[in-house]
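Good morning, colleagues. Please keep the structure open in your viewer while I speak, as I shall refer to individual positions throughout.

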Amino acid sequence: MPEPIKLRIGYVPEHFSSPLLQLGRSSWGLAHLELVSQPSGTGQMLSSLSSDQAIQQEQKIDVAVALTESLIAALAKGREDFKLVGSYVKSSLNWAVITGTSPHAERYQSIEDLKGEKIGISRVGSGSMVMASVMALLQGWTDENGKASEVQFKVQDTFENLRRGVNFPPKQTSGPSESSHAPVSTASGQISAKDFADSAESYVSKYSDGPSQPSLGAHVFSEGWKYSAAPVPLLERSFDLLADPASQNEGARRTVLRVQQVIARSSTWGTPVLYFRASTAEGTLLTLSEIESSSLLIRNTGEKSNTTLPIHTTSAPTDLDADAGTAPSEWASLSLGNHPVTDETWIMLHPCQTAPWISLLRSNDSSSQRSSSSSGVQYIEAFMNLCASAVQMRSDQSRPGTERGPSHRSGHGQSAEKPETAAFMWEWFTTKPFVDSGEVRFIGNVPTPWPSWSIAASVPTVLSNASSSPSSDSSTSRTKLHILSDFLHRLQAQIIQFTSDEDEALRFVQNEMGYEASDVKLWYERVRWVGDSRSSLEEQHSVPSSSVAASQTHKEDVKTKTKQTGQDTSTSTVSKETLLSTLQTLLRAGAIPAPSCSDADNTNDAAAWNVKSFVWALPSQDVQSGLVD
C-alpha cells in the first residue's frame, strides 16, 4: 500500500507557531500534514524550499511559514521556485539586539555602539541578516547613496551558536556547594531532574579551576563544559578534533572536525543523554555514515571504530573490563534524536542501557561510597566515563602533536581575545530566558516595519500543476495542491479558535514553550494573527526612539508603514501594500537590488517590482486568495 501523501510544512519552533502546531496535531493534520521543525529560522527554510540540489541541504519542505522580509527579499533577488500564498501574523516582530556578558562586551551599551562591528546571523538571507541591515538603515549608517553600510556579518547557523558568539568564556558562576543539597540517590542508575541540574552545575564548578582528585579518572573528560539552566538544564561544549589521525602524517594538511556535544536528562529514561554532531572547517555537517567512520567514534581500546555502533543493546551488563577500567563499548546504541533546546536533529547515544551501566560503574567505584553529599558530581563523572567508551570525550587530545589553542566557537573554560561577534538579533521573547539567566545581555530592539510572518509554497512540488483540471490526474503535486488549499482554510479557522479562548491559548504556549506565565501573557497581548478573533491593536509597535538613532525621516516612514500595512489579509491573501513598503525599506537597507525593468525609477509602483509574480492565487470558490490591495 503506498504511503499517504502529506504536505510538508516548515516552521520555526517558537510561540508564533502555536495555531499551526494545534492544527498539525488534529485528526486532519495528522492525516495530511507533516510539520518539519526548522530551528535555524527562515534562512534554513529558504534552503529547504530550494529546487537547486546544490543549495538544498536541509529536509525538503513544500510550504514555509516564515518571516515576511526574508521571503520577499529572496523573491526580489530572483528566486522563482516558491511563491507567497498567504499571510500568517499581521503584527510586527520585536527583534531584540543582544550582546554578551563577558568583559569584552561591556563596550556595547546601546545599538549605537555596534557601528562597524561584526553582527552574528543564522543564515545568509535570514531574518537576522535582513533586520541587521534595517537596523543600520534606521541608525543612519548609510553610504553616499543612502544605502545601509557599516555592517559586517558572520554566519553562526543556530541560536545556540549566536549566543556563544557574543561571549568569550566568562568565569563560571559558583555552583551550589556539594553539601548544599540532599544526597543524590543513584543506586538504580537513574537521576531526578532536580538532582541532574544541581549535579551538572556542581560538576562544572568543580572543574572550572582545573582537575581535582576525580573519581574514575573523569578529569580527562572535564575540559570545556558549560552549564546552562535555561530553558532546560544541560551541559554543552565544542572542541576541535583531528578527523583521522592514523592516516595523516606530520607533514600532511590536517583535516580538523568541529565537534559539538550536549548532555541533557531524558525524562523518559531518567538518565542523561549525550547528543553530538561534527562539522568540517567550512561548516558542513557530517552525515551519520561519515561520523561512523570518523575518529569521533572509538572502541574501548581507544582505536578508531570502523564499524557501526549497534542500533540497540538488549543484554544487561555483567562486569567491567578490568584492563580498561570502563564499560565495554557494546553498551552504546547510536540513534538520531532532537536537540533538547533547538529541536535540531543530532546524533545521540541511546539511553536504553544507560541506567544499569551507571549503576554498575558506581557500585565498582569505591570513592562513591565515601561521601554521599558528592554523589551527584560522581554520577556525572560516571556518565562521562561511560560515554568515553564509545565517543571521543577527551577534548585535550583533539590536536595531537600541536599546541592546543582556544576553542574557535565557544571556548568554554578557555581564554580568547574577544568574542566572534559583537551582537546578534533574535525575537525578544525567545531570547528573554537567556537574558534573565545572565548568559547574554539586551541593548535595544528593532520591531519590523511590516507584518511579521507569511506563508510560501514550493512551485515544483505543489504549485506546478495548479492549472490542471482537478479530475485530470492524481499526481503528487495535484494532491498536494488540494491539501494546501484545504490547509490554508483550516489554518485560518484554527487561528480564530485559538484566539477566542485566551486562557487556553496562554496555557498551550506556556506548556509548549516553557516560558514564564507573565512573559506569555505580555507577548500574547501584543501579537495578532491574520483573522485574529480579538480586536485589532490600536497601534502596531512603532520603532522607539530609545532603540535607534535614526534620521527623523526614516523613523516617521517606519512608524507610518508599521501602523497601516497588511492588516486586512488572511491565510490565503497577501497585501500589495505590504509587498511595496517592505521592498522599499529593503532596498534602502541594501538587502535587495533595485528592480531592473524600465520604470524602475519609481519604486512605489507595483509594476516596477512586478509584485504580481511574487504571489500565487489558489483557485477557490469560497474565499478570496492571492494579491489584495
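Ala 64 in strand 3 has Ala 456 as its bridge partner in strand 16. I should say at once that this is a predicted model. The next position along offers a second such pair, with Val 65 standing opposite Ile 455 of strand 16. Both pairs belong to an antiparallel pairing of strand 3 with strand 16, residues 453–458, which runs over five bridges.

Which residue stands opposite Ala 64 in strand 3 when one turns to strand 1? That residue is Gly 10. Strand 1, residues 7–11, pairs with strand 3 in the parallel sense, and two bridges make up this pairing. As a general point, strands of a sheet pair through backbone hydrogen bonds, in either the parallel or the antiparallel sense.

Let us now place these strands in their sheet. The sheet is open and consists of five strands in the order 2-1-3-16-4, with mixed pairing. Its edges are strand 2, at 33–37, and strand 4, at 82–89, each of which pairs on one side only. From one strand to the next, the twist averages 25°.

Is strand 3 buried or exposed? Five of the five residues of strand 3, 63–67, are buried, and the strand is therefore largely enclosed by the rest of the structure.

The chain then continues into helix 4, residues 68–76, where the picture is similar. Nine of the nine residues of helix 4 are buried, so this helix too is largely enclosed by the rest of the structure. The buried residues of helix 4 include the polar positions Thr 68, Glu 69 and Ser 70, as well as Leu 71 and Ile 72. After helix 4 comes Gly 78, which has a positive phi, near 110°.

Helix 14, residues 517–526, may be set beside this. Its buried residues are Asp 519, Val 520, Trp 523 and Tyr 524. These four cover an arc of only 130° around the axis, and so they lie on the same side of helix 14. The general background is that an α-helix has 3.6 residues a turn, so residues three or four places apart point the same way.

I turn to the nonpolar interior. The largest nonpolar core has 108 residues, and within it Tyr 88, Leu 114, Leu 484 and Phe 487 have the most contacts. At least three residues of this core come from each of domain 1 (7–91 + 451–466 + 478–532 + 566–613) and domain 2 (94–169 + 419–444). Another core, of 42 residues, lies apart from it; among its members are Trp 225, Ala 278, Val 377 and Ala 388.

The next topic is charge pairing. How many salt bridges does a search of the whole structure find? The search finds 19. I shall discuss three of these pairs individually.

The first pair for discussion is that of Glu 512 and Arg 25, whose side chains meet in a salt bridge at 2.6 Å, N to O. Glu 512 lies in helix 13, residues 502–513, while Arg 25 lies in the loop between helix 1 (18–24) and helix 2 (27–32), so the pair ties together parts that are 487 residues apart in sequence. Glu 512 is partly exposed at 31% relative accessibility, and Arg 25 is partly exposed at 46%.

Next, Asp 81 forms a salt bridge with Arg 79, with 2.8 Å between the closest N and O atoms. Asp 81 counts as buried because its relative accessibility is 9%, below the cut-off of 20%. Arg 79, with a relative accessible area of 22%, is partly exposed.

Finally among these pairs, Glu 504 forms a salt bridge with Arg 507, the closest N and O atoms being 2.9 Å apart. Both residues lie in helix 13, three residues apart, about one turn of the helix. Glu 504, at 37% relative accessibility, is partly exposed, as is Arg 507 at 44%. Elsewhere, Glu 160, Arg 164 and Glu 236 are joined into one network by salt bridges that share partners.

My last item concerns Asp 629, found in the segment after strand 18 (626–628). Its relative accessibility of 76% means that Asp 629 counts as exposed. The C-alpha atoms of Asp 629 and Lys 576 are separated by 5.3 Å, although the two residues are 53 residues apart along the chain.

Thank you for your attention.

Technical notes:
Residues are numbered from 1 along each chain as its sequence is written. This is a predicted model: local features need pLDDT of at least 70, side-chain atom pairs count only at pLDDT 80 or more; totals for chains, interfaces and linings use all residues. Side-chain values use heavy atoms; hydrogens and water are left out. Buried means under 20% relative accessible area, exposed over 50%, partly exposed in between (1.4 Å probe, protein chains only). Two strands pair if DSSP finds at least two bridges between them. The arc is that of the directions from the helix axis to the C-beta atoms. A nonpolar core is a set of buried Ala, Val, Leu, Ile, Met, Phe, Trp, Tyr and Cys residues joined through side-chain atoms within 4.5 Å. Domain bounds come from an automatic or database domain assignment. Axes are lines fitted to C-alpha atoms, for helices over the stretch in contact, and angles run from 0 to 180 degrees between N-to-C directions. A salt bridge is a side-chain nitrogen of Lys or Arg within 4 Å of a carboxyl oxygen of Asp or Glu.
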